[in-house]
Amino acid sequence: MANNKLRIISGSFGSQLIDTPKTSATHPMGERERMAIFNSIREQIPGRRILDAFAGSGAIGIEALSLDASHVDFMENNNKAIKVIKQNLIKLNCADRAGIVRYPDGDYGIIFADPPYDNPQYDVVASLVQHLVPGGIFVLSHPAQPQPPVFNYLELISDKKYAAACIKIYRKK
């Protein structure tokens, strides 16, 4: 049975299709939400080291690579998802600018956190922020309930709702 496909929306991989894992453990972010996020922070991406936490298909991190991120670490624990991410990176010939990690590895200029909505793991989400450089961007996709923790050390710069998805963008003070 074939995996579902997602379209990369912009940059050098724009219009390319990538696979998504066939598992209920991941939920791909919709194209509309990804477009809104990347339209908001596009200028921040080139040359940055980025973490795509709860990576699933890797679509968010691949979108960042497509917009000239220097390196993306894909944080994922599901073996099916890891296999799909590796295949997508090879297909797009960008595996040399990427890594797959189970935990954050170093400091990042941008962190994307898109945890499963049925288990948002806000304790893990909160721990990611320590890996964000000063002035760095933290993007959180979460369900309407339960609400995420308040991050006193981050400045909320955008808070939007798209159907079931709430997207918050923060800057580290």
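**Notebook: sheet, helices and cores**

Started with one strand pair: strand 7 (residues 132–142) and strand 9 (residues 165–172) run antiparallel, paired over 6 bridges. For me, two strands pair if DSSP finds at least two bridges between them. Helices (H or I, at least four residues) and strands (E, at least two) are DSSP runs, numbered from the N terminus. In this pair, His-142 sits opposite Cys-166 of strand 9.

Note to self: this is a predicted model, where local features need pLDDT of at least 70, side-chain atom pairs count only at pLDDT 80 or more, and totals for chains, interfaces and linings use all residues. Residues are numbered from 1 along each chain as its sequence is written, and side-chain values use heavy atoms, with hydrogens and water left out.

Next I looked up the whole sheet. It is open and mixed, with 7 strands in the order 5-4-3-6-7-9-8. Strand 5 (98–101) and strand 8 (154–162) are at the edges with a single partner strand each, so one side of each has no neighbour in the sheet.

Then the helices on it. Helix 2 (residues 59–66) lies across strand 3 (49–53), strand 4 (71–75), strand 5 and strand 6 (108–113), at about 180 degrees to strand 4. Helix 3 (residues 79–91) lies across strand 4 and strand 5, at about 175 degrees to strand 5. Axes are lines fitted to C-alpha atoms, for helices over the stretch in contact (heavy atoms within 4.5 Å), and angles run from 0 to 180 degrees between N-to-C directions.

Is helix 2 buried or exposed? I found 8 of its 8 residues buried, so helix 2 is largely enclosed by the rest of the structure. Buried means under 20% relative accessible area, with a 1.4 Å probe and protein chains only. Even Glu-63 and Ser-66 are on the buried list. After helix 2 comes Asp-68, with a positive phi near 75 degrees.

Which residues touch the most other members of the largest nonpolar core? They are Ile-41, Ile-45, Phe-74 and Phe-112, out of 33 residues. Such a core is a set of buried Ala, Val, Leu, Ile, Met, Phe, Trp, Tyr and Cys residues joined through side-chain atoms within 4.5 Å. Helix 2 gives the largest share, 5 residues. Leaving out residues up to four places away in sequence, Ile-41 touches Ile-110, Phe-112, Ile-137, Val-139 and Ile-169. A second, separate core has 18 residues, including Tyr-122 and Phe-151.

Last, the chain totals: I get 4 helices and 9 strands, and buried residues make up 51% of the 173 residues.

Terms used:
Buried means under 20% relative accessible area, exposed over 50%, partly exposed in between (1.4 Å probe, protein chains only).
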